[in-house]
Amino acid sequence: MREKVKLCGSVFILAAFIPWLLTVYLRGGSLFLHESETDGQLEEQVAAVLASEIPADYEMECLKAQAVIARTNICREGSEAEAGWTEADMREAWGGSYEQNLKKMQTAISETEGEVLTFEGALILAAYHTAANEKTRNAAEIPGQEEYVYLQSVPSTEDILADGFLCVEYMEKEAFAAAVAELFSGEEMDAEALPNALVIAQRDSADYVTQVQYGSTVVNGEAVRTALGLRSACFYFSELEGKIRIVTKGIGHGLGFSQYGAQQLAGQGFSYKELLEYYYPDVIIEKTG
């Protein structure tokens, strides 16, 4: 978050994002942008990325926190950073609220101008997600993510109220088998034996699946999540009337900043700096340049 172990950290990253998973596995980067990039260009890119990452009707302090997250990831990733939304994207998404929402985004950016998150002098990987399973995940419990010690588990109990937090869906056994077959390519997949033959071998302390086993092959939970197109790796399988019943809790990978949780805390009076310090323990907020 694979004896024949396929614990693929790269798959863990690709899993999440629905637009809001910024790069849970990218490394490197610098505290400063390349010389050809001005502060103005940076803030313009922050605006494009911020618009694509979080609902515009969220509390201002929550938007500010996300602006710092976006800026941190842009600076960290350099030329590999995502481009975000164009003006056309914003107009299409926001419709008649375009001017109002754009002003909110610009305010969030201007009031946090140049601020980024660092840990021990380096830019952090500012992972974020839509809603956690009542508490965020600890990177130390996820194979391949142990170095991100600032991504610690913290309570985020109000996430349970997020729209789509609990999702129940059904799949035909053959369709399920076809979806995960590539992950277990060394095994002879028996659709009729599912889901019982697919063993949840390990969960982390936030109840997200970290290892799934079929035969002698073990893969990570995020790989299964990706293959099945699930909302999170906090999933449960059972059989009901000949179909596979899939229950998921939370939205996204569960690491770092919970947008819904932060929205609730902002409504209780938390400042953006308090939100960032809560979801990223031990980080420092500082200015670039």
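The legends below accompany close-up views of a predicted model.

**View 1. Confidence along the chain of the predicted model.** Averaged over the chain, pLDDT is 88, and 87% of the residues score at least 70. Residues 1-37 are the stretch shown here, where pLDDT stays under 50, although the model has 130 contacts for this stretch beyond four places in sequence. Where pLDDT is low, the predicted coordinates should not be read in detail.

**View 2. The buried residues of helix α9 and what covers them.** Helix α9 runs over residues 272-279, and its residues Tyr272, Leu275, Leu276 and Tyr279 are buried. These four lie on the same side of α9, because the arc that they cover around the axis is only 95 degrees. The cover over the buried residues of α9 includes the helices α3 (60-77) and α8 (259-267), and it also includes the strands β2 (115-119), β11 (257-258) and β12 (284-287).

**View 3. Arg71, a buried arginine in helix α3.** Arg71 is found in helix α3, and with a relative accessibility of 0% it counts as buried. Leaving aside residues up to four places away in sequence, Arg71 touches Leu42, Glu43 and Val46, and likewise Ile109, Thr112, Glu113, Gly114, Glu115 and Val116. For one of these partners, Leu42, the C-alpha atom is 7.7 Å from that of Arg71, while the two residues are 29 residues apart in sequence.

**View 4. A nonpolar patch on the surface, with strand β5 as its main contributor.** The patch is formed by Leu166, Val168, Tyr170 and Leu240, which together have about 370 Å² of accessible area. Strand β5, spanning residues 166-171, gives the most to this patch, with three residues. Tyr170 lies in strand β5, and its relative accessibility of 44% places it among the partly exposed residues, because that class lies between the 20% limit for buried and the 50% limit for exposed.

**View 5. Glu188, an exposed residue in a loop.** Glu188 has its place in the loop between helix α6 (173-180) and strand β6 (199-203). The relative accessible area of Glu188 is 77%, and the residue is therefore exposed, since that class begins over 50%. Along the chain, Glu188 and Tyr214 are 26 residues apart, and their C-alpha atoms are separated by 9.4 Å in the model.

Conventions
Residues are numbered from 1 along each chain as its sequence is written. This is a predicted model: local features need pLDDT of at least 70, side-chain atom pairs count only at pLDDT 80 or more; totals for chains, interfaces and linings use all residues. Side-chain values use heavy atoms; hydrogens and water are left out. Buried means under 20% relative accessible area, exposed over 50%, partly exposed in between (1.4 Å probe, protein chains only). Helices (H or I, at least four residues) and strands (E, at least two) are DSSP runs, numbered from the N terminus. The arc is that of the directions from the helix axis to the C-beta atoms. Contact means heavy atoms within 4.5 Å. pLDDT is the predictor's confidence in each residue, from 0 to 100. Patches are made of residues with over 30% relative accessible area and no salt bridge: like charges are joined within 9 Å, nonpolar side chains (Val, Leu, Ile, Met, Phe, Trp, Tyr) within 5 Å. Accessible areas come from the Shrake-Rupley method with a 1.4 Å probe; for residues, only the protein chains shown count as cover. A salt bridge is a side-chain nitrogen of Lys or Arg within 4 Å of a carboxyl oxygen of Asp or Glu.
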